[in-house]
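Me: Could you take a close look at the spot where the ligand sits and walk me through what is around it? I'm in my first year, so plain words please.

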Amino acid sequence: MTQMITSFDPSNGQRLGEVEVASPAQIAKKVANAKLAQRAWRQISMGERVQQISDAYHGLERRGSELPSLLAREMGKDIGRATSEIRGALYMGPHYAEEAKRALQTRQLHGRTELQYRPLGVVGVISPWNYPVMMANNLIIPALVAGNAVVLKPSEETPLIAEAFFGELAKRLPKDLLTVLHGDRDTGKALVESDIQMVAFTGSKAAGQDIMARAASSLKRLVMELGGNDPMIVMADANLEQAARFAVAGSLENSGQMCTSIERVYVDARVAEKFEQRVVEIASMYEVGPWDQPHVNVGPMINPRQHQKVMSQLHQAQQMGAEFLLGSAEQSQPYIRPTVVRGITPQMALETEETFGPVVAISRFERVDEAIERANASEYGLGAVVFGNQGVQQVADQLEAGMIGINQGQGGGGEAPWVGAKQSGFGFHGSIEGHRQFAQVRVVSK
Ligand code: NAD
C-alpha cells in the first residue's frame with residue numbers, strides 16, 4: 001500500500017497537502033535512472049552544464065509569489081523571510097554555478113601533469129526543514145556543476161515547498177538528473193544505503209552520526225553540515241547597543257530555528273545590567289504570530305516536539321534558578337514568545353544543548369577567560385561571535401568554531417565557505433574549497 005506524508009501549517013494545524021513516500025524499490029529505481037542520466041551529463045562540457053543550470057533557475061523565477069507563500073505557510077516563517085529565502089536561492093543558482101565552474105577547472109601542475117575534478121556519480125542530498133529551500137540548494141548546485149546527478153530527500157516537515165521548488169527545477173533539467181523523493185528518516189537511511197557515491201547532508205548531529213555509520217560499508221564521500229550551539233561574548237568595552245541588538249536578532253532569527261542561532265550569551269558582569277535591560281527592550285518589540293499577519297517576526301515552532309523540547313529546557317533552567325526577564329517557562333503550543341533568561345549555568349541544557357527556539361540565554365562572567373572556556377566547552381563549533389574593543393582579536397583567536405564574527409555576525413558571505421568545526425560537521429560548501437568537495441580529484445601525467 002502506498003504510504004503518504006501529510007504536511008500541516010504549523011500555526012494552526014491545517015492540512016496543506018500530501019506527498020507519496022518512496023518505497024525501497026522506488027528508491028533503487030530512481031537512483032538507477034539518475035545513474036543513467038549522469039552518464040550523459042558528465043559528457044557535456046562544464047560550460048554547457050552551467051548554462052543549462054542557469055536557464056533552469058531563470059525559468060523558475062517566473063513562478064512569482066507562489067513559492068514564498070507556500071514556504072511561509074508550510075514552515076511557519078514570516079512572508080518577508082520566506083521571500084528572501086526564495087529570492088536568495090534563485091540568485092544562488094546561476095551565481096554558485098559560475099563560482100563552482102571556476103573552482104572545478106582542470107589545473108596544470110608541474111611538467112606534463114594535470115589535476116582534474118571529476119564527477120563522483122550520484123549524490124544523495126538530505127536536507128532539513130528550517131531553511132528548506134536554501135539548505136538543499138547550496139548542496140545541489142555544486143554537485144550538478146561537477147557533473148553528478150542528484151537525488152534529493154527533503155525533510156518530511158516541508159515536502160510541499162521542496163516539491164514545488166526542486167520538482168519544478170528538475171523538470172527544466174535533463175530527465176532524471178535531479179530527482180526529489182519523499183519520506184522520513186527511514187527513506188533517508190535507504191537512500192544512504194543505496195547505490196549512490198556521496199551523501200551531502202544538512203541536519204542534526206544524531207542523524208549525521210547514523211549516516212556516517214551507514215555510509216562506511218562502501219566508503220561513500222560525505223559532506224556533513226550539522227548542528228550548532230553558538231556562543232556570543234560581550235566584553236566590557238563593547239558597543240552595548242550594537243551587541244544587544246545583535247544578541248536579540250541572532251537568537252530570534254527564524255524563531256531561533258537556525259543552526260547559527262546565538263544560543264548562549266556571556267556578558268561581562270560590569271556591563272551586564274545595562275546590556276540585559278536593552279536586550280529585554282529590543283526583544284519586547286518582536287511580534288509573534290502566523291506568517292500572513294503584518295509585522296510578525298517570530299512564527300510557530302515547526303512541530304509540537306520542537307515546542308516541547310524548548311519548553312523543557314526553559315522549565316529545567318527555571319528549576320535550577322535561572323531568572324526570566326521576558327517570557328516564561330509556561331507557554332502553550334505552537335508559539336514561544338521571545339524569552340530572555342539570565343543566570344544560565346554550565347549544568348543547564350540551555351547551555352549544553354542546541355535549543356532551536358526564540359530564547360536569549362544570558363550568563364555573566366568576571367574574567368574573559370571564563371567566558372572563552374565556557375564558549376569552547378560545547379561539542380559543537382559552528383559559529384562564534386565576540387563584541388568588544390581592546391583585546392577582542394585575542395579573544396576571537398581562541399574561539400573553537402568554523403566561522404567567527406568580530407563585532408558582527410559570523411559567516412563571511414560572498415565567496416567564504418559555510419563551515420563548522422568539531423561536531424558541527426566536516427566537509428562544507430561554498431568557496432573554491434567547498435565546491436571541490438563534490439568532485440573526485442584525479443591526477444593525470446602525460
Ligand atoms: P534532522 O537531522 O532530524 O533531519 C534532517 C534530514 O535528515 C531530514 O530530511 C530527515 O528526514 C533526515 N534524516 C533524519 N535521520 C536520518 C538518518 N538516520 N539517515 C538519513 N536521513 C535522516 O534535522 P532537522 O530537525 O530537519 O534540522 C534541524 C537540525 O539541522 C539542527 O540540528 C540544525 O542545527 C541543523 N542544521 C545545520 C545547518 C548547517 O549548515 N550546519 C543548517 C541547517 C540546519
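Reply:

**Around the ligand**

Let's start with one contact: a polar side-chain atom of Ser204 lies 2.6 Å from an oxygen atom of the ligand. Keep in mind as we go that this is a predicted model. Two tryptophans do a similar thing. Trp129 has a polar side-chain atom 2.9 Å from a ligand oxygen, and for Trp418 the distance from a polar side-chain atom to a ligand oxygen is 2.8 Å.

How much of the ligand does the protein bury? On its own the ligand would expose 850 Å², and the protein buries 92% of that. As for the place itself, the ligand sits in the largest pocket.

Now look at which parts of the chain give two or more residues to the shell around the ligand: they are helix H7 (185-193), strand E8 (198-202) and helix H8 (205-215). In total, 30 residues surround the ligand. The closest of them are Lys153, Glu156, Ser204, Asp210 and Glu354, so Ser204, whose side chain we began with, turns up again here.

What kinds of residues make up that shell? Sorting them gives 13 nonpolar, 9 polar and 8 charged residues. You can also sort the shell by domain. Domain 1 (4-226 + 424-445) and domain 2 (230-418) each supply at least three of its residues. If you colour the two domains on your screen, you can follow both of them to the ligand.

While you have the model open, here are two backbone details to look up. Most residues other than glycine have a negative phi, and most peptide bonds are trans. Asn254 is not a glycine, yet its phi is positive, at about 55 degrees. You'll find Asn254 in the loop between helix H9 (240-252) and strand E11 (262-268). The other detail is the cis peptide bond that joins Gln333 and Pro334, with omega at about 5 degrees. Pro334 belongs to the loop that runs between strand E12 (323-326) and strand E13 (339-342).

Key:
Residues numbered from 1 in each chain as written. Predicted model: local features only at pLDDT ≥ 70, side-chain atom pairs only at ≥ 80, totals over all residues. Heavy atoms only, no water. Near = heavy atom within 4 Å. Polar contact = N/O pair within 3.5 Å; in protein donor to acceptor, adjacent residues only side chain to side chain. Areas by Shrake-Rupley, 256 points an atom, 1.4 Å probe, with all protein chains shown as cover. 1 Å grid on protein atoms, 1.4 Å probe; cavity = no way out; pocket = protein on both sides within 12 Å on 5 of 7 lines; lining within 4 Å. Sits in = over half its atoms within 2 Å of the grid points. Helix = DSSP H or I, 4+ residues; strand = E, 2+ residues; numbered from the N terminus. Nonpolar A, V, L, I, M, F, W, Y, C, P; charged D, E, K, R; others polar. Domains from an automatic or database assignment.
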